[in-house]
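Work through the exercises below using the model shown. Each task is followed by a stepwise solution.

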Amino acid sequence: MLEKTTRINMLYDFYHLLLTDKQKDYMELYYREDYSLGEIASESDVSRQAVYDNIKRTEQLLETYEEKLHLYSKFQQRQDLLSELKEKAKHEHLSDQLLDLIDALQKID
């Protein structure tokens, strides 16, 4: 479950601008604020089922965006390569300036 939550949060970070305000609100409350479906329903004055359906549809939408755009998978690949590069640079005792540049690259994403 934690793995799914982490993935949805990452997909949300990449694609939240493509969601409606209501989708963003529900996802923020459910995944970031740890509200229950009932709490969100009560706060939004809708049924628990309506909240559940909206969250499930939004999760599927985020996955669809990722299937088409691959922003998250490319981010992961870049981070993995940068980590590997950093380890090799440390192993080869390259300059601190190079390591600082690698750190800067990792922070861009």
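**Exercise 1.** Determine how many residues the largest nonpolar core has, and which of them have the most contacts inside it.

Solution. In this predicted model, the largest nonpolar core has 18 residues. Those with the most contacts inside the core are Met-27, Ile-40, Val-51, Ile-55 and Leu-62. Next, assign the core to helices: α1 (2-15), α2 (21-32), α3 (37-44), α4 (48-69) and α5 each supply at least two of its residues. Finally, take one core residue, Val-51, and leave out residues up to four places away in sequence; Val-51 then touches Tyr-26, Leu-37, Ile-40, Ala-41 and Val-46.

**Exercise 2.** Find which residues make the nonpolar surface patch of about 250 Å², and classify Leu-71 as buried, partly exposed or exposed.

Solution. The patch is made by Leu-18, Leu-69 and Leu-71. Leu-71 lies in helix α5, which covers residues 71-91. Its relative accessible area is 36%. Buried requires under 20% and exposed over 50%, so Leu-71 is partly exposed.

**Exercise 3.** Decide whether the chain is more spread out than a compact globule or not, and state why.

Solution. Start with the secondary structure: 6 helices and 0 strands. The radius of gyration is 19 Å, whereas the globule rule gives 13 Å for 109 residues; the chain is therefore more spread out than a compact globule. The C-alpha atoms fill a box of roughly 60 × 25 × 25 Å along the principal axes. As for burial, 30% of the 109 residues count as buried. The accessible surface comes to about 7,700 Å², and 52% of that belongs to carbon and sulfur atoms.

Notes
Residues are numbered from 1 along each chain as its sequence is written. This is a predicted model: local features need pLDDT of at least 70, side-chain atom pairs count only at pLDDT 80 or more; totals for chains, interfaces and linings use all residues. Side-chain values use heavy atoms; hydrogens and water are left out. Patches are made of residues with over 30% relative accessible area and no salt bridge: like charges are joined within 9 Å, nonpolar side chains (Val, Leu, Ile, Met, Phe, Trp, Tyr) within 5 Å. Accessible areas come from the Shrake-Rupley method with a 1.4 Å probe; for residues, only the protein chains shown count as cover. A salt bridge is a side-chain nitrogen of Lys or Arg within 4 Å of a carboxyl oxygen of Asp or Glu. Helices (H or I, at least four residues) and strands (E, at least two) are DSSP runs, numbered from the N terminus. Buried means under 20% relative accessible area, exposed over 50%, partly exposed in between (1.4 Å probe, protein chains only). A nonpolar core is a set of buried Ala, Val, Leu, Ile, Met, Phe, Trp, Tyr and Cys residues joined through side-chain atoms within 4.5 Å. Contact means heavy atoms within 4.5 Å. The radius of gyration is taken over C-alpha atoms; the globule rule is 2.2 Å times the number of residues to the power 0.38.
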